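User: I should like to learn how to read the contacts in a protein model. Could we work through one together, feature by feature?

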Amino acid sequence: MPTDVSENLRNESVIVTAVGEIDLATSPALRTRLQDAIGKHRMVIVDLSDVTFIDSTGLGVLIGGLRRVNEAGGEMRIVIADPRVLKIFEITGLTGLFSIHSSLAEATSA
Amino acid sequence: MREREIVELSIPVGADLLVLARFAAATIASRAGFDLEEIDDLRLAVDELCVSLIEEGDHGRLNIELQRADDLVEISCRFTSTSEVPPNGSRPDLSEGLSDRILDALVDEHGKRQDGGHEQAWLRKRRIRQ
């Protein structure tokens, strides 16, 4: 799973973009990207629009990231476009923990 | 007549090969007549089954057996460690507990048992949609 970090300086936010499948092998890369982003920017947007699979290791990385963002006084938003990915957040109850948006445009304008 | 198929996989931990287990589960589920959503459920379930046996930094092999009997799929997974140094006991970032919750939602039954001195995780899922 390639990850990409793009930075939106105008809105003082950073967008961490992941594509493909987030699992035991690929979630460490996402964790590294998140750790780099958190603390440098108040708003961290994790764009999972092009993610087709995520398991508990990926969810754990996001939970850890949210905790660090909150400790730093920032905010995290997640973009999910694939209903299969959203389903995993729903069955684990994480839709109540994260601020989830259906598009990057919605996440950056909210 | 009860049609039965058994597929066995042995994959190394640490390489990006859990995708093979997910592919095998999807294929078995398709052959059992599962619909697309049920196939996706089983892909994630077998992944969670494997992840539940591994700690970060582990090295070794996952031995996975996938069985199909008509519309019932049973999957078992056993991890054999080759690590010289015991893992540090940490699960990747707070994911512990999520595996069970995911498996509870996606399959009919799941659990763990001892098999020849190794811990084995298993699940069962029957096609529910006609």
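User: Over the ring of which residue does the charged end of B:Arg22 sit?

Analyst: This is a predicted model. The charged end of B:Arg22 sits over the ring of A:Phe53, 4.2 Å from the ring centre. B:Arg22 also belongs to a salt-bridge network, to which we shall return.

User: How many salt bridges does the structure hold over all chains?

Analyst: Side chains of opposite charge can pair when their charged atoms come close. Over all chains, the structure holds 15 salt bridges. One of them is formed by A:Lys87 and B:Asp41, whose closest N and O atoms are 2.7 Å apart. A:Lys87 lies in helix 3 (residues 83-91) of chain A and B:Asp41 in helix 2 (residues 36-51) of chain B, so this pair joins two chains.

User: Are A:Lys87 and B:Asp41 buried or exposed?

Analyst: Both A:Lys87 and B:Asp41 are buried.

User: Which residue forms a salt bridge with B:Glu74?

Analyst: The partner of B:Glu74 is B:Arg124, and the closest N and O atoms are 3.5 Å apart. Because B:Glu74 lies in strand 3 of chain B and B:Arg124 in strand 5 of chain B, the pair ties together parts that are 50 residues apart in sequence. B:Glu74 is partly exposed, with a relative accessible area of 29%, and B:Arg124 is partly exposed as well, with a value of 25%.

User: Which residue forms a salt bridge with B:Asp115?

Analyst: B:Asp115 forms a salt bridge with B:Arg78, with 3.3 Å between the closest N and O atoms. B:Asp115 lies in strand 4 (residues 109-115) of chain B and B:Arg78 in strand 3 of chain B, so the pair ties together parts that are 37 residues apart in sequence. B:Asp115 counts as partly exposed at 30% relative accessibility, and B:Arg78 counts as partly exposed at 25%.

User: Which residues are joined into one network by salt bridges that share partners?

Analyst: The network consists of A:Glu21, A:Asp23, B:Arg22, B:Arg43 and B:Asp47. B:Arg22 is thus found both in this network and over the ring of A:Phe53.

User: How is strand 3 of chain B joined to strand 2 of chain B?

Analyst: Strand 2 (residues 60-69) and strand 3 (residues 72-81) of chain B run antiparallel and are joined by 10 bridges. Individual partners help one to follow the pairing: B:Ile64 stands opposite B:Cys77, and B:Arg68 has B:Val73 as its bridge partner. The two strands form a hairpin with 2 residues between them, and B:Asp70 in the turn has a positive phi of about 55 degrees.

User: With which strand does strand 1 of chain B pair, and over how many bridges?

Analyst: Strand 1 (residues 4-12) of chain B pairs with strand 2 of chain B in the antiparallel sense, over 9 bridges. Within this pairing, B:Pro12 stands opposite B:Arg61. Strand 2 of chain B is mostly covered, as 7 of its 10 residues are buried.

User: In what sense do strand 3 and strand 5 of chain B pair?

Analyst: Strand 3 of chain B and strand 5 (residues 118-126) of chain B pair in the antiparallel sense, over 7 bridges. In strand 5 of chain B, B:Arg126 is the bridge partner of B:Leu72. The salt bridge between B:Glu74 and B:Arg124 also links these two strands.

User: How many aromatic pairs does the structure hold over all chains?

Analyst: A pair of aromatic rings is described by the distance of the centres and the angle of the planes. The structure holds 1 aromatic pair over all chains. A:Phe89 and A:Phe98 form this edge-to-face pair, with 5.9 Å centre to centre and 75 degrees between the planes. A:Phe89 is buried, with a relative accessible area of 0%, and A:Phe98 counts as buried at 6%.

User: Where is A:Arg77 placed, and which side chain does a polar contact join to that of A:Arg77?

Analyst: A:Arg77 is in strand 4 (residues 75-79) of chain A and counts as buried at 10% relative accessibility. A polar contact of 2.8 Å joins its side chain to that of A:Glu75. In addition, a polar atom of the A:Arg77 side chain lies 2.7 Å from the backbone oxygen of A:Ala107.

Key
Residues are numbered from 1 along each chain as its sequence is written. Chains are lettered from A and ligands numbered from 1 in the order in which they are written. This is a predicted model: local features need pLDDT of at least 70, side-chain atom pairs count only at pLDDT 80 or more; totals for chains, interfaces and linings use all residues. Side-chain values use heavy atoms; hydrogens and water are left out. Two strands pair if DSSP finds at least two bridges between them. Helices (H or I, at least four residues) and strands (E, at least two) are DSSP runs, numbered from the N terminus. A salt bridge is a side-chain nitrogen of Lys or Arg within 4 Å of a carboxyl oxygen of Asp or Glu. Buried means under 20% relative accessible area, exposed over 50%, partly exposed in between (1.4 Å probe, protein chains only). Rings of Phe, Tyr and Trp (its six-membered ring) pair if their centres lie within 6.5 Å; planes under 30 degrees apart count as stacked, over 60 as edge-to-face and the rest as tilted. A charge sits over a ring if NZ of Lys or CZ of Arg is within 6 Å of the ring centre and within 35 degrees of the ring normal. A polar contact is a pair of N or O atoms within 3.5 Å; within protein, one must be able to donate a hydrogen and the other to accept it, and residues adjacent in sequence count only if both atoms are side-chain atoms.
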